[in-house]
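Biologist: I should like to go through this structure with you and ask how each description of it is justified. Please show it to me before we begin.

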Amino acid sequence: MRSAFHHSKIGTFFQAEPRLGNPYAGDQFLQRLLKRLLPAEIFADIHSDLMRLGKRIEDEIDPLGIECEMNPPSLNQTDPWGKRLDEVVTSRAWKRMKDISAEEGIVASGYERKYGEYSRIHQFAKCLIFHPSSGLYSCPLAMTDGAAKTLEVLKLPQYNEVYSRLTSRDPSKFWSSGQWMTERRGGSDVANGTETVAVKQTDGSYKLFGYKWFSSATDADISLTLARIVDDKGHAQEGSSGLSMFLLKTRKEDGSLNNIHVMKLKNKLGTRSLPTGELLLDSTDAELLSEPGRGVACISNMLNITRLHNTTGSISAMRRVILLARDYSMKRSCFGSKISEYPLHIDTLADMELECRAGTVLLFELVRFLGLQEAGKATEEEELIFRLLTPVAKLFTAKRSMGVVSEGLECFGGQGYIEDTGIPAILRNNQVTPIWEGTTNVLSLDMLRAVAKSRGKAFLSLQSALTRRLGNVVEKRKDLQPACDRLLKEMETLIEMASKFEVSEAMARARIIAFAVGEIASGMLLLEQAVDTESPTDLHAARRWIKNVTDVQKKLTEADPVESTNSFDMVFDGYLGTPNSKL
Ligand code: MFK
């Protein structure tokens, strides 16, 4: 009699592993979007470059990214005899990533302006497919881009060489930059928390003394940083207007560190392949770049670029997990069918795909604006929308991507929780995107400040762009009138309600306002994509998105932020001392 238990079958089944493939070839939505945004001959050129880079990512870069993840940096602080070394030891793969980044022109392609106003679209499309395979080398590249932008805006001839290195394609010349802003007392509140001081030297240069608490890419070649210039009596001005922006080289001519002590490397939840250090600046040579007291405004040039990279990172994490989950769904059988055949699973994937598409159109709208601005073609309306939507895109995509990536892990069942599949790292690494470059709350307030500084014109500019552009959508497809009307109504309500708030009321609702702006702007862009491409999936996505757009009136009316002075006690049962509940 045959045993019901077939020994020979034990151990012969293995889960089919998800394959990444060429991440550009696999992203049809991105291809359609680029085709729509670019003139035909430029698209043809960029498309073939991205196909090539996608193949290189599949064959060479992604394995190196995994190697970076497996070999995090370490700090060799002293030699056996106690002499200070402060050596940040990075992996072979991390170093190789720097060379590849230069060769690929991940920063350079934004500055060579080969495609004029479209150059930034090319650059950010590259970043989008590169980021999740880069072992987080995308972080130093983001800051390098931000530093290059800052130098370009400042137009100081004495820094031409530094600029040319930041934007070089030659690995032997290429320099990366840090952005050392965060101090122990000042993560979000840089203006009041920055303690680093700058002492002027007789030759006009400065020496910096301070402690930088989170310094991403500690192994960078240069860094932009903030410090307070002290006067002859040793006094430094407090607050934002006391801050100036400096450029420093991390090493001296002889290769030794520029009086920088690497106190420790941070032990982080994710982004472990990226060296993030605590640095003591102890007489570090630096040069003043901004006007004295204009440090925050000056470094904002950098911040607005790194925030676009942050947005890119969040979207690319969504795209990466979706590409893997899509592939896996077609391989994994469950209850007798491939899981790609189950409507419930498809519905889950559809929501993930939708978030990713909404983020992608928002990013490329901003990147398009950036290109126009740099080509001197941006209108005042575009400038205002760019300023308004940059923090919105960052906070919106960062927050929403965490939900998508978490859902993505679930698509693999238990395998999504197993470290050596590489899948959990997508989640761990992405958790930084809502935090660095300004948290969700800080960026919601930044958006409000942009509105306030423009005396409301930023909102009105978005509204008039919506009216005009959605009008064009309806011209092409009358059946989209209700969807367009819905977005216009939400924007109108938002402006009407927001304009009646006291400052403190608006601040307490800043998140709601920011997410509403993100949903409305993405909705318009998804509709434009749908009517231009006439793709049924783009149309489906746009309709699905708009159905789910938040009812602003309801949300703002029902919002019940606790605004009184004892608000903390209201939430936490009199924790601070005002009892407000009884057992
Ligand atoms: C793949 C992902 C790659 C990403 C890599 C990133 C790695 C980097 C890691 C980090 O370094 S994370 C640390 C980042 N830190 C932050 O993002 C700080 C968050 N806090 C803020 O953003 C605060 O809003 C801010 C420090 C800017 C507030 O400072 P202030 O001095 O209280 O701001 P204030 O008084 O509103 O603005 C001063 C000036 O700057 C004003 O100019 P004017 O004097 O001419 O009016 C503002 O208009 C201007 N400004 C501020 N933010 C701006 C801006 N201008 C343009 N854009 C902005 N975003």
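**Reasoning from values to descriptions**

Modeller: A backbone N or O atom of Ser188 lies 3.0 Å from a nitrogen atom of the ligand. Please bear in mind that this is a predicted model.

Biologist: What makes the approach of Ser188 to the nitrogen atom of the ligand a polar contact?

Modeller: A polar contact requires a pair of N or O atoms within 3.5 Å. The pair formed by the backbone of Ser188 and the ligand nitrogen lies at 3.0 Å, so the pair meets the limit of 3.5 Å. The side chain of Asn304 places an N or O atom 2.9 Å from a nitrogen atom of the ligand, and a polar side-chain atom of Arg387 is found 3.4 Å from a ligand nitrogen.

Biologist: How do you know whether the ligand is buried or exposed?

Modeller: Taken alone, the ligand exposes 1200 Å², and the protein buries 82% of that.

Biologist: Which elements give two or more residues to the shell around the ligand?

Modeller: They are helix H6 (138-154), helix H8 (190-193), helix H9 (295-329) and helix H13 (440-453). The largest share, 8 residues, comes from H9. Of the 29 residues around the ligand, Ser240, Arg294, Asn304, Arg307 and Arg449 come nearest. By class, the shell has 10 nonpolar, 12 polar and 7 charged residues.

Biologist: Why is the ligand said to lie between domain 1 and domain 2?

Modeller: The protein is divided into domain 1 (177-294) and domain 2 (440-568). Both domains give residues to the shell around the ligand, and therefore the ligand lies between them. The C-alpha centres of the two domains lie 38 Å apart.

Biologist: How many aromatic pairs are there?

Modeller: The count comes to 7 aromatic pairs. In one pair, the rings of Tyr111 and Tyr163 have their centres 6.0 Å apart and their planes at 85°.

Biologist: Why is the pair of Tyr111 and Tyr163 called edge-to-face?

Modeller: Rings pair if their centres lie within 6.5 Å, and planes over 60 degrees apart count as edge-to-face. With centres at 6.0 Å and planes at 85°, Tyr111 and Tyr163 are therefore an edge-to-face pair.

Biologist: What makes this pair a tie between parts of the chain?

Modeller: Tyr111 lies in helix H4 (residues 108-111) and Tyr163 in helix H7 (residues 160-166), so the pair ties together parts that are 52 residues apart in sequence.

Biologist: What does the UniProt record place at residues 293-450?

Modeller: The unreviewed entry gives "domain: Acyl-CoA dehydrogenase/oxidase C-terminal" there. That span is 74% helix and 3% strand, with its end C-alpha atoms 20 Å apart. The UniProt annotation "domain: Acyl-CoA dehydrogenase 11-like C-terminal", also from an unreviewed entry, covers residues 461-558. Residues 461-558 are 87% helix and 0% strand.

Methods:
Residues are numbered from 1 along each chain as its sequence is written. This is a predicted model: local features need pLDDT of at least 70, side-chain atom pairs count only at pLDDT 80 or more; totals for chains, interfaces and linings use all residues. Side-chain values use heavy atoms; hydrogens and water are left out. A residue is near a molecule or strand if one of its heavy atoms lies within 4 Å of it. A polar contact is a pair of N or O atoms within 3.5 Å; within protein, one must be able to donate a hydrogen and the other to accept it, and residues adjacent in sequence count only if both atoms are side-chain atoms. Accessible areas come from the Shrake-Rupley method with a 1.4 Å probe; for residues, only the protein chains shown count as cover. Helices (H or I, at least four residues) and strands (E, at least two) are DSSP runs, numbered from the N terminus. Ala, Val, Leu, Ile, Met, Phe, Trp, Tyr, Cys and Pro count as nonpolar, Asp, Glu, Lys and Arg as charged, and the others, Gly among them, as polar. Domain bounds come from an automatic or database domain assignment. Rings of Phe, Tyr and Trp (its six-membered ring) pair if their centres lie within 6.5 Å; planes under 30 degrees apart count as stacked, over 60 as edge-to-face and the rest as tilted. UniProt positions are given in the numbering used here, feature names are shortened, and annotations may be inferred rather than shown by experiment.
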